Amino acid sequence: MAAPLLSSLSESLGSPEPAVRLIFSILIGYPCALVYRRFLFYQPATVVHLFHTFSGLALAAFNFGAQIYHSAVCILVQFLMLRLMGRTVTTVLSSFTFQMLYLLAGYYYTATEEYDIKWTMPHCVLTLKLVGLSFDYYDGGKDPSQLSKDQRKAALSSVPSLLEVCGFSYFYGGFLVGPQFTMRTYQSLVARELTDCPGQPPNSIIPAMRRFALGFLCLVTYAAFSPYYPDSYLLTDEYEAQPFWYRCVFILLWVKIGLYKYVTCWLIAEGVCILAGLGYNGVVDGKHQWDACANMKMWLYETTPLFGGTISSFNINTNTWAARNVFKRLKFLGNKTLSHTATLLFLTIWHGLHSGYIMCFSMEFFIVTVEKQALALVRDSPLLTKLANSALYPLIYVVQQFIHWLFMGYPLVPFCLFTYDKWLKVYSSVYFCGHVFFLVAFLIMPYLRKVLVPKKERSQKKQD
């Protein structure tokens with residue numbers, strides 16, 4: 001009965017049935033969280049783990065059928081590694097290798113030239129959870145002084161049980177699309193510690209509904225405007241025949257609307273986590289915070305004119321995971337640029353095997369590098385600093401936002417189109433303007449510093 005209903009619903013909405021199933025499954029997290037709050041909050045940990053495990057498994061089966069065995073295999077193998085191999089570097093390396101190879105094999109055998117919702121989608125979220133679990137268990141055996149603040153907070157003092165690992169992995173608020181959270185955070189949830197009312201369910205209904213409402217608004221925006229900006233149009237002769245300015249503006253609007261499908265899922269899933277209590281983040285300035293599972297900083301995302309600002313406001317928990325478990329662990333390299341490059345390479349491979357991911361993340365690295373140089377130039381140049389703080393700032397902001405979103409969309413063309421024949425066709429149609437713009441900016445930046453930055457300031461920077 002559910003299949004025909006979903007089929008007719010997807011047809012009336014003009015959306016693929018797997019996408020409708022996914023949104024419906026994320027929404028089911030809200031009644032699951034209410035059941036947990038009302039009936040299971042005071043139950044023993046075993047009961048809570050079982051509820052989280054079986055509710056998550058049910059959602060996985062609803063979306064992917066028998067293919068849920070992939071997640072079960074990886075969870076079991078991860079538990080056995082922790083239990084049998086102990087707190088060793090070998091355990092961490094074995095976990096990393098096995099989980100990543102399993103994910104990449106899944107990508108390889110299920111890959112198409114389109115974005116498909118299949119078992120590898122939640123599995124990439126699960127891969128980070130399980131690899132992070134091995135890191136956190138390993139950290140639990142180290143001297144706290146050797147760990148960063150985030151690593152100390154996540155470190156595990158003992159091996160979690162198989163049931164704990166299952167509840168942690170299949171938790172209905174994070175299994176399908178994230179967010180990432182640590183086993184320690186999950187254990188705190190089950191121990192009834194994540195609440196603003198000690199010993200009672202958290203007063204999180206209103207904060208949860210705020211994120212849900214924001215997510216629903218993004219969903220409506222995406223549903224209303226995405227039919228006018230389909231990915232396929234970028235590859236048509238009609239698009240190529242349009243004026244250059246039109247092609248550029250289309251990319252700007254296409255990416256702005258297209259990203260709302262990710263934002264929608266993350267905001268609605270965050271609301272589920274807040275409702276259950278997982279989003280509780282302590283007290284700041286006398287106010288209870290509910291942003292522990294925030295994957296989006298919406299105000300920053302919508303208002304920042306900087307590429308770095310958009311990146312730091314988007315998919316926050318994945319970026320935090322990569323910073324804690326990849327970037328900071330490469331400290332021994334002694335070079336932040338090298339560590340950053342290795343982290344982006346990891347994220348590239350984690351996203352998939354298509355060439356579009358390589359192009360996207362390499363462009364991101366280049367764009368952010370140029371932006372940092374430009375910001376340093378404005379900061380060090382008295383003339384540019386004065387101009388940036390003048391009455392012309394509103395006009396500068398508008399121009400900056402246009403450039404920001406135009407070239408934010410540019411590297412996302414290969415991210416969304418996957419294969420080189422497609423993204424190369426689009427880049428050719430706009431004359432590789434993004435590559436040219438940032439290459440020229442990178443090359444002339446040293447000259448601009450000589451012209452616009454006083455010699456004394458340049459000398460001081462060299463000494464620093």
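Contact here means heavy atoms within 4.5 Å. On that basis, and with the caveat that this is a predicted model, Leu259 touches Tyr301, Phe314, Trp405 and Leu412, leaving aside residues up to four places away in sequence. Leu259 itself sits in the loop between helix 12 (244-258) and helix 13. With a relative accessible area of 8%, Leu259 falls under the 20% cut-off and so counts as buried. From Leu259 to Glu270 is 11 residues along the chain, and their C-alpha atoms are 17 Å apart.

Next, the nonpolar core. In soluble globular proteins, nonpolar side chains tend to be buried together. The largest nonpolar core here has 120 residues, and the members touching the most others are Tyr36, Tyr172, Val177 and Val263. Helix 13 (residues 260-276) chips in the largest share, 13 residues. Tyr36 makes a good example: setting aside residues up to four places away in sequence, Tyr36 touches Phe41, Val48, Phe51, His52, Tyr172, Leu189 and Ala276.

Then there are the charged pairs. Side chains of opposite charge can pair when their charged atoms come close. Searching the whole structure turns up nine salt bridges. One of them joins the side chains of Arg211 and Glu270, at 2.9 Å from N to O. This pair links distant parts of the chain, with Arg211 in helix 10 (residues 205-225) and Glu270 in helix 13, 59 residues apart. Both partners are tucked away: Arg211 counts as buried because its relative accessibility is 17%, and Glu270 is buried too, given a relative accessible area of 2%.

The side chains of Glu240 and Lys425 also meet in a salt bridge, at 3.1 Å from N to O. Since Glu240 belongs to helix 11 (residues 237-241) and Lys425 to helix 21 (residues 420-429), this pair ties together parts that lie 185 residues apart in sequence. Here the partners are partly exposed, Glu240 at 37% relative accessibility and Lys425 with a relative accessible area of 29%.

Glu302 and Lys256 form another salt bridge, their closest N and O atoms being 2.8 Å apart. Glu302 is in helix 14 (residues 298-303) and Lys256 in helix 12, so parts 46 residues apart in sequence are tied together. The two ends of this pair are a mixed bag: Glu302 counts as partly exposed at 29% relative accessibility, whereas Lys256, at 16%, counts as buried. Finally, Arg379, Asp380 and Arg449 are joined in a network of salt bridges.

Note on methods:
Residues numbered from 1 in each chain as written. Predicted model: local features only at pLDDT ≥ 70, side-chain atom pairs only at ≥ 80, totals over all residues. Heavy atoms only, no water. Core = buried A, V, L, I, M, F, W, Y, C linked by side-chain atoms within 4.5 Å. Buried < 20%, exposed > 50% of the residue type's maximum accessible area, 1.4 Å probe, protein only. Helix = DSSP H or I, 4+ residues; strand = E, 2+ residues; numbered from the N terminus. Salt bridge = Lys/Arg side-chain N within 4 Å of Asp/Glu carboxyl O.
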